[in-house]
Amino acid sequence: MANIKLTYFNLRARAEPCRLLLAYGGIKYVDERIAPPWDAATTWPTLKPTTPFGQLPLLKWDDEVICQSMACARFIAREVGLAGTSSMESAQVDEIIDVIQDLINAGVKLFFAKDEAGMKNHAEVTVPTALGQLEKKLASRGGQYFVGNNFTWADLHTFMYASDLPTKSVLDGFPKLANLVERVANIPNIKKWVETRPVTNM
């Protein structure tokens, strides 16, 4: 078995896709967490110059180090069999991942900019619109899973995003998505990780 270490701040944020995938695969790894940059106890200023691109997360897999959260997650998804079974399926998985990442990145940008009006529009217009589009895509693929009628990283990533939405009732108008999120939450390895992971505010 590979010697694995995931290094990130003590937050879910950009490392949680990797942690969920590792949990799903039952893969043992070192979950190295450092205090966030805004915490007085952080070691980030010392660690930052030693990283390849000046950012986290870092995934160490035996002797190789991979940077960029989505590159790390995509690699793990392939390792645990959740990246699709063909080039087309892999592209379809990535399509859903990219929709979710667009939502996450837009939300994070507005949050750190303290753009109250922008955040309100994001929550009331952008997110419900995207969830409606995802509901339609899920229905077009049979209503159970996003890709190939099998569980993939696309479903897991959607679960991660929906679980972190401040208002869970936003899913009420999207029954297929709500059902998918509930089913993913009950996958034993995912359920165990979510129940036992360190509690962080983001």
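Helices (H or I, at least four residues) and strands (E, at least two) are DSSP runs, numbered from the N terminus. Keep that handy, as the exercises below lean on it. You're looking at a predicted model, where local features need pLDDT of at least 70, side-chain atom pairs count only at pLDDT 80 or more, and totals for chains, interfaces and linings use all residues. Residues are numbered from 1 along each chain as its sequence is written, and side-chain values use heavy atoms, with hydrogens and water left out.

**Exercise 1. Get the overall picture**

Task: Work out how many helices and strands the protein has, and in what pattern they follow one another.

Solution:
- Step 1. Count the elements: there are eight helices and four strands.
- Step 2. Go along the sequence, and you get β-α-β-α-β-β-α-α-α-α-α-α.
- Step 3. Check the overall size. The radius of gyration, taken over C-alpha atoms, is 17 Å. The globule rule (2.2 Å times the number of residues to the power 0.38) gives 17 Å for 202 residues, so the protein is as compact as a globular protein of that length.
- Step 4. Add the extent: the C-alpha trace spans about 45 × 45 × 30 Å along its principal axes.
- Step 5. Look at burial, where buried means under 20% relative accessible area, exposed over 50%, and partly exposed in between (1.4 Å probe, protein chains only). Of the 202 residues, 42% count as buried.

**Exercise 2. Pair the strands**

Task: Find out which strands pair, and whether each pair is parallel or antiparallel.

Solution:
- Step 1. Use the rule: two strands pair if DSSP finds at least two bridges between them.
- Step 2. Start with S1 (residues 4–9) and S2 (residues 30–34). They run parallel and are joined by five bridges. In one of these bridges, Tyr8 has Arg33 of S2 as its partner.
- Step 3. Now see what connects them. Together with helix H1 (residues 16–24), S1 and S2 make a right-handed β-α-β unit. Right-handed here says that, with the strands pointing away from the viewer, the path from the first strand over the helix to the second runs clockwise.
- Step 4. Move on to S3 (58–61) and S4 (residues 64–67), which pair in the antiparallel sense over four bridges. Lys60, for example, is matched with Val65 in S4.
- Step 5. Look at the turn. S3 and S4 form a hairpin with two residues between them, and Asp62 in that turn has a positive phi of about 55 degrees.

**Exercise 3. Place Pro57**

Task: Say where Pro57 lies, whether it is buried or exposed, and what it touches.

Solution:
- Step 1. Locate Pro57: its loop runs between helix H2 (44–47) and strand S3.
- Step 2. Check its accessibility. Pro57 has a relative accessible area of 2%, so it counts as buried.
- Step 3. List its contacts (heavy atoms within 4.5 Å). Leaving out residues up to four places away in sequence, Pro57 touches Leu6, Thr7, Tyr8, Arg14, Ala15, Ile66, Cys67, Gln68 and Ser69.

**Exercise 4. Explore the core**

Task: Find which helix gives the most to the largest nonpolar core, and what packs around that helix.

Solution:
- Step 1. Know what to look for: a nonpolar core is a set of buried Ala, Val, Leu, Ile, Met, Phe, Trp, Tyr and Cys residues joined through side-chain atoms within 4.5 Å.
- Step 2. The largest one has 59 residues, and Leu21, Ile76, Phe146, Trp153 and Leu156 have the most contacts inside it.
- Step 3. Helix H6 (residues 153–163) gives the most, with seven residues.
- Step 4. Ten of the eleven residues of H6 are buried, so the helix is largely enclosed by the rest of the structure.
- Step 5. The buried residues of H6 pack against H1, H3, H4, H5, helix H7 (175–185) and helix H8 (188–196).
- Step 6. Zoom in on Phe146. Beyond its neighbours within four places in sequence, Phe146 has contacts that include Ile96, Leu134, Ala154 and Leu180.

**Exercise 5. Compare two buried spots**

Task: Describe where Thr152 and Leu131 sit and what each one touches.

Solution:
- Step 1. Thr152 is in the loop between helix H5 (116–140) and H6, while Leu131 lies in H5 itself.
- Step 2. Thr152 is buried, with a relative accessible area of 3%. Leu131 also counts as buried, at 3% relative accessibility.
- Step 3. Setting aside neighbours within four places in sequence, Thr152 is in contact with Leu82, Val93 and Val147.
- Step 4. With residues up to four places away not counted, Leu131 touches Leu165, Val170, Leu171, Phe174 and Leu177.
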